[in-house]
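Me: Could you take a close look at one helix here and what packs around it, then work outwards to the rest? I'd also like to hear which parts to trust.

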Amino acid sequence: MSADLVIVLTAILVSTAAALVGVFMVLRRMALMADAISHAVLPGIVLAFWLTSGDRASLPALLGAASAGLVTVTLVEWLTRTGRVKNDAAMGIVFPALFGLGVLAISLFYRDVHLDLDAVLYGEIAFAPFNLMELWGQQIPESWVVMGSLTALNLLFITLFYKELKLSTFDPGLAAALGFVPGVLHYALMALVSLTSVGAFQSVGAILIVAFLIIPPATAYLLTQRLPLMIVLAVGVGVVSSLAGYALAIWLDASIAGMMAAVAGVCFALAFFFSPLEGLLTTHLRRERQRTEFAARLLIAHLAHHDRPVSEQEVLEEFGWNPQFLRRAREKALRAGWLEASSQGLRPTNSGFAFSQSPRPE
Amino acid sequence: MDLWLQIFTDYTLRSVSIGSALLGVIGGALGAFALLRRQGMLGDVLAHAALPGLVIAFMLAGMKVPLTLLIGGGITGWLAAMLVMAVIRNTRLPEDSALGVMLGSFFGLGVVLLTFVQQRGYPDQAGLDKYIFGQAASIITADLVNFVLLGGIAIICVALFYKEFKLISFDPAYAASLGLPVRELSILLTSLTVLAVMVGLQTVGVVLMAAMLIAPAAAARQWTDRLDRMILLSGLFGAVAGVSGAVISATREHLPTGPLIILSISVILLVSLMFAPLRGLVWDWRRTYQNRRRMRLQRLLLDAHLLHNHQNLSAQTLALHRREPLAVAQKQLEELRSLGWAEPWRQGYALTLAGEQKAHQLEQAMRILPRASQAQPLGSIPRETP
């Protein structure tokens, strides 16, 4: 089995699992909670490392570490409920405290062990091919098993509770009134985010996982307003940035996980500029087009009041437009067949006359 | 105790303490505004986004000149903040997602650049990643000069624009209606926060910076309702945490300063949350407990009074009336006795004079009238004749 395949498939699994739950984090305005959770699983990982004396990937260790994420959520919500600090501040307080504990524990007890801080930060997806495990008599990369089951779990959760998730995300009040239990669903989602963070920790590290959780869904958010499409797009963006990130990282000989996050950032930038929905450039172009069209209609309506062709000079004087703008409006009107230009000046065609008199053109 | 005194004699400890204290003061002062503007995670995003700038500055300068690195970090941090603003203004993406996106992509880029540097084998590159968790122990006098410079700019600006910052933090709409340039002012405030983050990079590092801004401010908020006092207190708490973290980390080997500073400020915050006068949670809990107890005793006394008047008051009757086990009823009668409201009488109990007066008072207060006159027959209500 080639090392490339192991790494790429691991990355795809990580980004798929993260994007699936990340969509709901973004929609519920909990993107930064994802950040807080992914940081705060560190003490959980250290604790699990200590309890299982070094066996990082065992199931109890995973679950134990994931519960650290739930502790964060609970603490943040408790702090918010006391009314003494706002939600954002509660997050900014809780996760550094937990992360600090984790760092302290690592530097006190695990200085010489495999669990070094670099691995915590960036993860090392390049090691994925070396961690093999026995499954049904086959040697299978451990990361495939861990991330594969997490992806399956997230997918199962979203498919089974799609309706409930959708409702409680967009209208929690209605969900509660209808007898769904938004609280349970909320904690289930948080548990999955924690699990995904812990599972992905070996591959992309505790900090970069936030890029996988938030950036693809945020990119999809810019591209569509429909939830199913957003989920599909988020997974797509995640997979594309994994593939492109891996290729670039190999080419430039740089950190794979970091490059994947950076490429995801580039995807977001592309969506920001070129999204057909509300991209910066598309919006600009649309506004320009609307401006020109409006000017063309205004021009025709004006010309229709004259019983003779009007020279461009006269239009310029009457409207106070600059010549360039008039040219754009004229082009637009000519192309639409509303206007004919002769040597005496501009004059509406019959269709131009028709719509300048009807209350609703065309 | 000796250790605390060493702050004044030991060169390293002194530098570290002064540096951490400066960070506390600057972060605390700007954190007060971040807290009020609900930007609790801004510090986190700015700090993460500083990483690529740090590395680029290092690659350009070719060595670790602290001020250059900090300025580089500051530039990308500032850039990320501006991008967040641009994204929020131009799309419907929620603010937290925009912050998260910038955090992730900038940090990812930073990690990529960091591996670049490591693999290209720049001289003097070791320790560049120390900025991620901070390395307070490496603070020297030259760094302190930088801190004072950066912090001085930040503090002077806050002092100059105090009135404006206060207004845009509490009521941006009103500030706009007065004709203040709200957007420019919030950009300025964010830029000053970047300065605080730059100071923090070397001390607590990228990851823990969020708490250095927000925790002192949240703690200070517990003690006062006035912004000026809050800023001063916040700076003070930050400084105390900084020095404590530095001193504790000096007690043993392998104790990193950054996390200890963060844990110190967390302890200060916890104490403030619990015990601050007026806003302390403990007082809340105590009040709730006392209210519950008072209500329970009042109900009990009223029930006892009813039985005392109409039947005989004993553990059996009380248990029957309140539908609770006999043992509980017995205990409650004992409680009434210890309060001086009831006394043993014949086989059961009777209310004392004080108990009866208290019960009567409660009935008056709660408008519980004697049964006989409670319900007037409908027909007896005098009708108004038109």
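Reply: Let's start with helix α14 of chain B, residues 281-310. In this predicted model, α14(B) has 30 residues and runs 44 Å from its first C-alpha to its last, close to the 44 Å expected at 1.5 Å a residue. Which of its residues are buried? They are B:L300, B:L301, B:A304, B:H305, B:L307 and B:H308. The cover over these buried residues includes three helices of chain B, α15 (315-322), α16 (326-338) and α17 (353-365), along with the strands β1 (342-345) and β2 (348-351).

Those two strands are worth a stop. β1(B) and β2(B) pair antiparallel over 4 bridges, with B:W345 standing opposite B:G348 of β2(B). Together the two strands make a hairpin with 2 residues between them, and B:R346 in the turn has a positive phi of about 50°.

Just ahead of α14(B) there's another backbone oddity. B:L278 sits in the loop between α13 (257-275) and α14 of chain B, and has a positive phi of about 75° despite not being a glycine. For context, most residues other than glycine have a negative phi. B:L278 has 10 C-beta neighbours inside 10 Å, so it counts as exposed. Chain A has a loop residue that can be described in similar terms: A:D253 lies between α10 (227-252) and α11 of chain A, has a positive phi of about 55° without being a glycine, and counts as exposed because it has 10 C-beta neighbours inside 10 Å.

Now for the packing. The largest nonpolar core holds 203 residues, and A:A34, A:V41, A:I93 and B:I214 have the most contacts inside it. Helix α9 (residues 182-223) of chain A gives this core its largest share, 25 residues. Apart from that core lies another one, of 14 residues. This is where α14(B) comes back in: B:L300, one of the buried residues of that helix, belongs to the 14-residue core, as do B:L313, B:L318 and B:L336.

Back in the big core, B:I214 shows how the chains mix. Beyond its neighbours within four places in sequence, B:I214 touches A:A89, A:G92 and A:I93 in chain A, and B:G31, B:A34, B:L35, B:G40 and B:G43 in chain B. The contact between the chains takes in 51 residues of chain A and 49 of chain B. On the chain A side, α2, α4 (87-109), α5 (117-122), α9 and α11 (256-274) each supply at least two residues, and the largest share, 14 residues, comes from α4(A).

Helix α2(A) makes a good foil for α14(B). The 21 residues of α2(A), 31-51, should span 30 Å at 1.5 Å a residue, and the end C-alpha atoms are 31 Å apart, which agrees. Still, α2(A) bends by about 25° at A:L42, and a proline, A:P43, follows within four residues. Of its 21 residues, 18 are buried, so α2(A) is largely enclosed by the rest of the structure.

One more spot in chain A: A:A336, in helix α14 (residues 323-336) of that chain, counts as partly exposed because it has 17 C-beta neighbours inside 10 Å. A:A336 and A:G352 are 16 residues apart in sequence and 9.0 Å apart in space, C-alpha to C-alpha.

And what to trust? The model scores ipTM 0.87 and pTM 0.84. Mean pLDDT is 86 for chain B, where 90% of residues reach 70 or more, and 85 for chain A, where 91% score at least 70. In chain A, the elements run from α5(A), with the lowest mean pLDDT at 61, to α10(A), with the highest at 94. In chain B, helix α18 (residues 371-374) has the lowest mean, 49, and helix α9 (residues 172-177) the highest, 94. The stretch to be wary of is residues 372-386 of chain B: pLDDT stays under 50 there, and the model has 2 contacts beyond four places in sequence for it. Where pLDDT is low, the predicted coordinates should not be read in detail.

Terms used:
Residues numbered from 1 in each chain as written. Chains lettered and ligands numbered in written order. Predicted model: local features only at pLDDT ≥ 70, side-chain atom pairs only at ≥ 80, totals over all residues. Expected span 1.5 Å × (residues − 1). Bend = angle between axes of the 7 residues up to and from the residue. Buried ≥ 20, exposed ≤ 12 C-beta atoms within 10 Å, placed from the backbone. Core = buried A, V, L, I, M, F, W, Y, C linked by C-beta atoms within 7 Å. Contact = placed C-beta atoms within 7 Å. pLDDT = per-residue confidence, 0-100. Pairing = 2+ DSSP bridges.
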